[in-house]
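Colleague: I would like to go through this model and ask what stands behind the words used for it. Please set each value against its cut-off.

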Amino acid sequence: MDIVGSTALAERMDPEALRQIMDRYFAACGTAIAEHGGIVEKFVGDAILAVFGATVTHEDDATRAVRAAVSALAALRDLSAELMASYQVSLEARCGICTGDVLVTLVADGDFRVIGDAVNTASRLQTAAPAGEVLLAEGTAAMVRSQVAIEPVPALSLKGKSRAVAAWRVTSPALPAADRPAAVAPLIGRDEELEELRQSFRRATRRRQACLTTVLGGPGIGKSRLVQEFLGTLRDGEVTVLSGRCSAYGKGVTYKPLAEMLGSYPGGWTALAALLSGGQGRLAARSLATVIEQAPLAVGESVGVEDISWAVRYLLDILARARPLILVWEDLHWSEQTLLDLVDDVATWLTDVPVLLLCVARTELLESRPGWGGGKPCALALELGPLTYEQSAALVTELAMSEDVYPQEQYEACERVARLCDGNPLFAELLLDVFADSAPAGQVPATIQALLGARLDQLPGPERALVELAATIGREFTRDVLDAMAQADGISEPETGVLLTRLARRRIIRPGPSGSYSFAQTLLRDTAYTFTPKKRREHWHEFLAQRFAAGEQAASWEPLTMAYHAEAAARLHRELQPGDPLLPAQALAAADVLTAEGMRALGRKDLPAAIALLERARELLPPGDARHTALALHICDAGLGLWDESGPMAALAAAEAAVPASRRNAAACAVTRLLVMLRLGLAPPARVAADAAVIEAGLAGDPDDHLSWSRLHQLQAHVHLVAERAAAAEESLRLALARARAMGDGYEEERLTCALCELAQWTPTHVQAGLDLCGALRVRFAANRGLLVPVLVTQAYLSALAGDVPAARHALGVARASTGPLHLDLADAAVMEMAGFVESLAGEHRAAESHYRHCLTVLRRAHGAPDTQNIEVAIARELFGQGRPQAAELSLNQVEAGPGGMSTRARIASTALRGRILSARDRHDEAVALALGILELSERADDPCLAGQALSDLAVVLRAAGREEQAAHAAGTAQRRLAAKGAVVLASRVRDWLDGMEGDLP
Amino acid sequence: VTDIPPWRRPPRDHFPGVPAWGVPASALPGEPFAVSPVGPVSREWAWGGADGAGVRVCVLDSGVEGDHPLVGGVEQSMEVADAGDGTLRVVPAEPTDLAGHGTACASVIRLIAPGACLSSVRVLTSGKHGSGAALLAGLRWAIDEGFDVINMSLSTAKDTFRDELRELTDQAYFRRTVVVASAHNMPVHSYPWPFASVVSVACHDGPDPMTYYYNPAPPVDFYARGVKVPVAWRGGKQITSTGNSFAAPHIAGISALILSKHRMLAPFQLKSVLLLAAENVARPDGGARVID
């Protein structure tokens, strides 16, 4: 702000008197500014530069600035009256306010300086303001509109600005009472529930425990209101509260509520990231950044769902150590399963820190998760029931009678509302609104939805039109987007402001911070949306898709929002004109966005979300588009991960229907269908192999169809693996990998590389080649420990074979450190199994047995009952190694008596061991017969270690039976195969035994 | 000795040697004061032949239309007004009603006690509702004025006014001003009707203005006619209306009748008489079990 005509004043006054006058001016204005939380940055001549929110920000800094300016001008008017009496001078000033980013530099004594365009613009606005008035820049006006009365002035041409600048004039520092948004409805009849929430929080704090409290209830019953009341009772600084909301639209975007929640931390994600230091902290920061900022990943790098869950726990642990933490998950019934898993994990695994997980959901949550919260030491579900008639009446009375004293005439409307509202507070509130606007004549809508519709129908035309526009954007919307739509719909910007104020007064919308708004209730938005004609919705969704697609550089670039709107437009178009294949202009771009997001989800093994996103993408692709094929295959991959048959089959059928003319699509789908059938055991391997051969013959005519060929080789690899032909499987995978590289498909390449790495355990390929691959993958999967663990297990196996037991033990230690905190049970079982192998190799048979038994326990507990035959045979082998042949035999009997046939691998291993047991009891003929019975099978097995073990067992049995020559032959074969693999320890043992240097083989 | 009756005097000086609030026995037979002896109470005994003459009734409400034929004039017409300095004063006002509610209540009292003398204080300053401060100012004035009966067919749900309202109604009780207050029409808590110092009234749906019942389950003391009651309304009109608002003036009117016949009944005696003459107590088989 600055004095008007101060130069003239200086000429006229004695300098000493002028000094006194100016001192009083600075003091009066300085006080007004400080009272509103502003800081005077400097006095320049007669001008004052005050800053709001420079060092500490408030939600209402802009409003504070406006009110400070108005009261400074008022203070000056009072001062001026006094000065007139004593000095015969009058002072007048004017103000300009602009909101924007500035650079704040701290100097000595806590003082600071600000630099930025906002400072210059404010100064120019000030110069343009009439005496005694306050002018606001556009950004400031948008932020204060719901609090302060303002009106637009003609655009100003300001010095140093190339274009005319829009400006607003403050007409009153507060809105007239009638224009202020209505107060929050009172909370009635929820004392017990409120106490339960307080109790949960006390329990979390006192026991330093993660407590999961779920508030359940139908729409409008007052869940959010209860939580709001509870949070309102907490003292500032006593607790950190973060909240995020799931939404019905945006399906598949698993972590959006999490991003919103972490963004609600003061200072946002930037401030949180600063808390994450050290190796583990950086890992957590990187994992979280991928979901919060959509940070790009390096090629081939990925972050898994378990890593994200771990990173969230790591961060929450840090936050909750500083002070108790409350996480509010709103509308959790719309959450993706993966996010529910995350919330569940936090509640289960976060220990010794005070955290309250406050979940707000409709009862539908229990339909998708019947056991939600079950089995936790500190879980509570609160179901909010309807209010009693008395409570409804009290609520209605409070809502309808805000004044002090009322006569006791009959309040017909109030009584009817209290009876009709079914104990639902939102219903009551809306009914009152309906009755307030029109006498309750005739039928009253019977359901809350119908009532909301009636409420919307009562709105005057322009307000209704604006509500429809806002509902198309979503539950939350910003002023700039709404303005753009309104302008296109013929509503001017100032008019939009007036309409928004009216809608806020009617409690239909609620103003939020910095130019944002939200519908008062989700249900209200949904109803407004449903009540908007589809043609109109289609039009506006397309408009919004266009806007949010406005180039990657633009601030409005929100790819997922764009995709949502494009999708909605496409869906509505199909509903309106089912025969018309026309898609919105943004459909392809949206499909690409959704595909990319789906592939990210697939990369982190968020399989349900991946399927949802990819299926959404499919709906936006026109028939005949080549992208249909890859989408179907990826949906199949995700579906297979969930052991689901119908999803993949439907996806393939959809692709075949969408691209009927493409031979390549037909081939890729046919191959993938066989793969699904083989993996899920829907068809015998022999039949799959035969069908694959037919497809291969067909593909011969199209050698460049890399995708189909790559998938065919993968299918063949699986067929080989089922028959224990690891070498052939490896060869097929290599062919598949070459095809993936030829088409530049990073996704296929990564899958195949992982498969090859794991396969290295069972192939004749030299251990060193396998170890090299493991080394490369360890670097790549550092942040995705779900993928890292199998690599480490393979590495341990190969290191042990190569004779480096310490390296093997180290790799397993690293793996356990990952599976533990991430609670990867199955991966943990794999680590234990490998630990058993390594200890067995080191001659520690008791330790080995214990590891195997641990592994068996985990596997038997696991969902989907994995095959445990190999582990059970391995346990028998360890018992035999401990000199307990009888126990070993009993153990084998149990395996063989188990349900279903034995796999080739288990059959070889158990028969070889039986031979050894019989031989040890001098039943040589039976032993030899058994061992020779599997000779052909063993020799054909590609796994050198499996074959080596079986052949050396045969050699021992033969020598004990006195058939030395045959024994030497078998041992020689075993030794050669082991040596070729690089399994030096096992190979040298067999050689030493042959040479008579070793007494007996384990 | 003074003209002021004992119940309206300031507290007596402390008598040395007797604990506070007490008196020496020697002082007891001293000053004579009037008593209405309560005989075997019947309706006939209670109000037979009475018309309310000589009893002053004040209606705290939206104002009373003095020239309405069913009201038949008011003695004093006052309103609560801002004195200009933020304080509230009770000042004379035109005998008009901003809403109709006060006129309706006055007409019920007049119907029952045609000889009573009616006054009005407008505390519902907007007609439909008013501030708690205006209610307190109006009630305080009416108690100071020494009305025999104050009709309050209104209440406040705001807890902030509870304590002061209770003090005022206690004061009225000790100073022999009977406050008749209607219960809230919704099942909510409000004041002053649940206080023990007032006569609280809700409605029954019978058509007889003189039929009322005692309620043995407090806080409502009596049920009087309040459903589809023909009442006066502003602008000289007459309407049929429902609410506890219209039950209270029935009891206020009956109280005026009783007091005009038994001038010296204290409020606690009046409540007893109302009880003993209630339909369900006085009539054989009316509901009450009379124990000797």
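Modeller: Start with the largest nonpolar core, which has 124 residues; Leu258(A), Leu288(A), Trp329(A), Leu357(A) and Phe837(A) touch the most other members. Helix α34 (residues 785-801) of chain A gives the most to this core, namely 11 residues. Bear in mind that this is a predicted model.

Colleague: What makes a set of residues a nonpolar core?

Modeller: The members must be buried residues of the nonpolar kinds, such as Leu, Trp and Phe, joined through side-chain atoms within 4.5 Å. In soluble globular proteins, nonpolar side chains tend to be buried together.

Colleague: Which residues does Leu258(A) contact, leaving aside its neighbours within four places in sequence?

Modeller: Leu258(A) is in contact with Val291(A), Ile308(A), Val312(A), Trp329(A) and Leu339(A). Contact here requires heavy atoms within 4.5 Å. A second, separate core has 88 residues, among them Met401(A), Ile448(A) and Val481(A), and also Val188(B) from the other chain letter.

Colleague: Why is Glu849(A) called buried or exposed?

Modeller: Glu849(A) has a relative accessible area of 12%. Buried means under 20%, so Glu849(A) is called buried. The residue is found in helix α37 (residues 845-861) of chain A. Not counting residues up to four places away in sequence, Glu849(A) touches Ile875(A), Glu878(A), Leu879(A), Gln882(A) and Arg884(A).

Colleague: And what is Pro821(A) called, buried, partly exposed or exposed?

Modeller: Its relative accessible area is 32%. Buried needs under 20% and exposed needs over 50%, so Pro821(A) is partly exposed. Pro821(A) belongs to helix α35 (residues 805-822) of chain A. Outside its neighbours within four places, Pro821(A) is in contact with Trp310(A), Arg313(A) and Arg816(A). Pro821(A) and Trp310(A) are 511 residues apart in sequence, yet their C-alpha atoms are 6.9 Å apart in space.

Colleague: Why is strand β3 of chain A described as largely enclosed?

Modeller: Four of the five residues of β3 (residues 47-51) of chain A are buried, so the strand is largely enclosed by the rest of the structure.

Colleague: How do you know that β2(A) and β3(A) pair?

Modeller: Pairing takes at least two bridges between the strands. Strand β2 (residues 39-44) of chain A and β3(A) have five, in the antiparallel sense, so they pair. Phe43(A) stands opposite Ile48(A) in β3(A). The two strands form a hairpin with two residues between them, and Gly45(A) in the turn has a positive phi of about 60°.

Colleague: What is the strand order in the sheet that contains β16(A)?

Modeller: The order is β16-β18-β17 (chain A), an open sheet of three strands with antiparallel pairing. β16 (476-478) and β17 (509-511) of chain A are the edge strands, since each pairs on one side only. From one strand to the next the twist averages 30°.

Colleague: How do you know that β17(A) and β18(A) pair?

Modeller: Three bridges join β17(A) and β18 (residues 516-519) of chain A, antiparallel, and at least two are needed, so the two pair. Within this pairing, Tyr517(A) in β18(A) is the bridge partner of Pro511(A). Helix α19 (residues 479-488) of chain A packs on the sheet, touching β16 and β18 of chain A, with its direction at about 75° to that of β16(A). Helix α20 (residues 493-505) of chain A also packs on the sheet, touching β16, β17 and β18 of chain A, and its direction makes about 110° with that of β17(A).

Colleague: How many aromatic pairs are there over all chains?

Modeller: The count comes to 13. One of them joins Tyr25(A) and Phe26(A), at 4.9 Å centre to centre and 40° between the planes.

Colleague: What makes that pair tilted?

Modeller: The centres must lie within 6.5 Å, and 4.9 Å meets that; 40° is neither under 30 nor over 60 degrees, so the pair is tilted. Tyr25(A), at 0% relative accessible area, is buried, and Phe26(A), at 14%, counts as buried too.

Colleague: Why is the pair of Tyr212(B) and Phe222(B) called edge-to-face?

Modeller: Their planes are 80° apart, over the 60 degrees required, with 5.7 Å between centres, so the name applies. Both residues are buried, and they form one aromatic cluster with Trp47(B) and Tyr214(B).

Conventions. Residues numbered from 1 in each chain as written. Chains lettered and ligands numbered in written order. Predicted model: local features only at pLDDT ≥ 70, side-chain atom pairs only at ≥ 80, totals over all residues. Heavy atoms only, no water. Buried < 20%, exposed > 50% of the residue type's maximum accessible area, 1.4 Å probe, protein only. Phe/Tyr/Trp six-rings, centres within 6.5 Å; stacked < 30°, edge-to-face > 60°. Axes fitted to C-alpha atoms, helices over the stretch in contact; angles between N-to-C directions.
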